Amino acid sequence: MREKTQKEQLEDLIKRPIPRKRIGIIHLNMIREGRALYGLKRFSSAQTAVDMIRPLLKQADREMVLVLSMNPRLEPMALEIVAVGGIDSCYVDVRNLFKHSLLNNATSIICFHNHPSGDESPSRDDRAMTRRISEAGKILDISLLDHIVIGEYGYYSFREHGDLMDIVSDEIA
């Protein structure tokens, strides 16, 4: 007796579905937990964005990654903590990071994370994470406007240092 080809096996499955096979039915619902007044202007610089986010990270004793979803006019729509790590590292699931932005119908994002050590210099892992986020954003058509590492007294903006792969034109920002 000859073995069935993969095509024949697929055709058999379509003709005779697996009995009593259950599939999940899901419904996504976004719940707004609150609002905060950030100001009346669009962000014009990384410093403006840092001034908004720094108070949220001031007391953090672990690395945290936040994503700020932006509308087409570059106005903040929503902020979410997408990852909390350890003292010197934080794993970021890029799918989870963009889930927030997709649910908010964002056209662009700004990512932030802190360095509890106080040194805002990006690590090799920070640079790799920025590259992954930027590449995923291109596929989803959600621009990564900036990735900002916040230290105790300063910050490092990947955009200001020319480290982003697709820098948004100065006309937009």
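Two strands are taken to pair if DSSP finds at least two bridges between them. In this predicted model, strand β1 (residues 64-70) and strand β2 (residues 76-84) meet that description, with 7 bridges joining them in an antiparallel arrangement. Within the pair, M70 of the chain stands opposite P76 in β2. The hairpin formed by β1 and β2 has 5 residues between the strands, and L74 adopts a positive phi there, near 60 degrees.

It helps to place this hairpin in the chain as a whole. The chain contains 4 helices and 5 strands, and, read from the N terminus, its elements follow the order α-α-β-β-α-β-α-β-β. Of the 173 residues, 36% are buried. Among contacts with a separation of 6 or more, 64% are made by residues 24 or more positions apart. The accessible surface of the chain amounts to about 12200 Å², and carbon and sulfur atoms contribute 52% of that area.

Helix α4 can be followed from one end to the other. Just ahead of the helix, S123 acts as a cap for the N-terminal end: a side-chain oxygen of S123 lies 3.3 Å from the backbone nitrogen of D125. The helix itself covers residues 124-140, and its length can be checked with simple arithmetic. The expected span is 1.5 Å times one less than the number of residues, so the 17 residues of α4 should span 24 Å; the end C-alpha atoms are 25 Å apart, in agreement with that expectation. After α4 comes D141, with a positive phi near 60 degrees.

Which residues of α4 are buried? They are D126, M129, T130, I133, S134, A136 and G137. The partners against which these buried residues pack are α3 (94-103), β3 (108-114) and β4 (143-150).

One loop residue brings several of these parts of the model together. V92 sits in the loop between β2 and α3. Is V92 buried or exposed? Buried means under 20% relative accessible area, and V92 counts as buried because its relative accessibility is 2%. Leaving aside residues up to four places away in sequence, V92 touches V65, A83, L97, M129 and R132. Of these contacts, M129 is also listed among the buried residues of α4. The helix residue I133 provides a further point of reference: V92 and I133 are 41 residues apart along the chain, and their C-alpha atoms are separated by 9.5 Å.

Key. Residues numbered from 1 in each chain as written. Predicted model: local features only at pLDDT ≥ 70, side-chain atom pairs only at ≥ 80, totals over all residues. Heavy atoms only, no water. Helix = DSSP H or I, 4+ residues; strand = E, 2+ residues; numbered from the N terminus. Buried < 20%, exposed > 50% of the residue type's maximum accessible area, 1.4 Å probe, protein only. Contact = heavy atoms within 4.5 Å. Areas by Shrake-Rupley, 256 points an atom, 1.4 Å probe, with all protein chains shown as cover. Polar contact = N/O pair within 3.5 Å; in protein donor to acceptor, adjacent residues only side chain to side chain.
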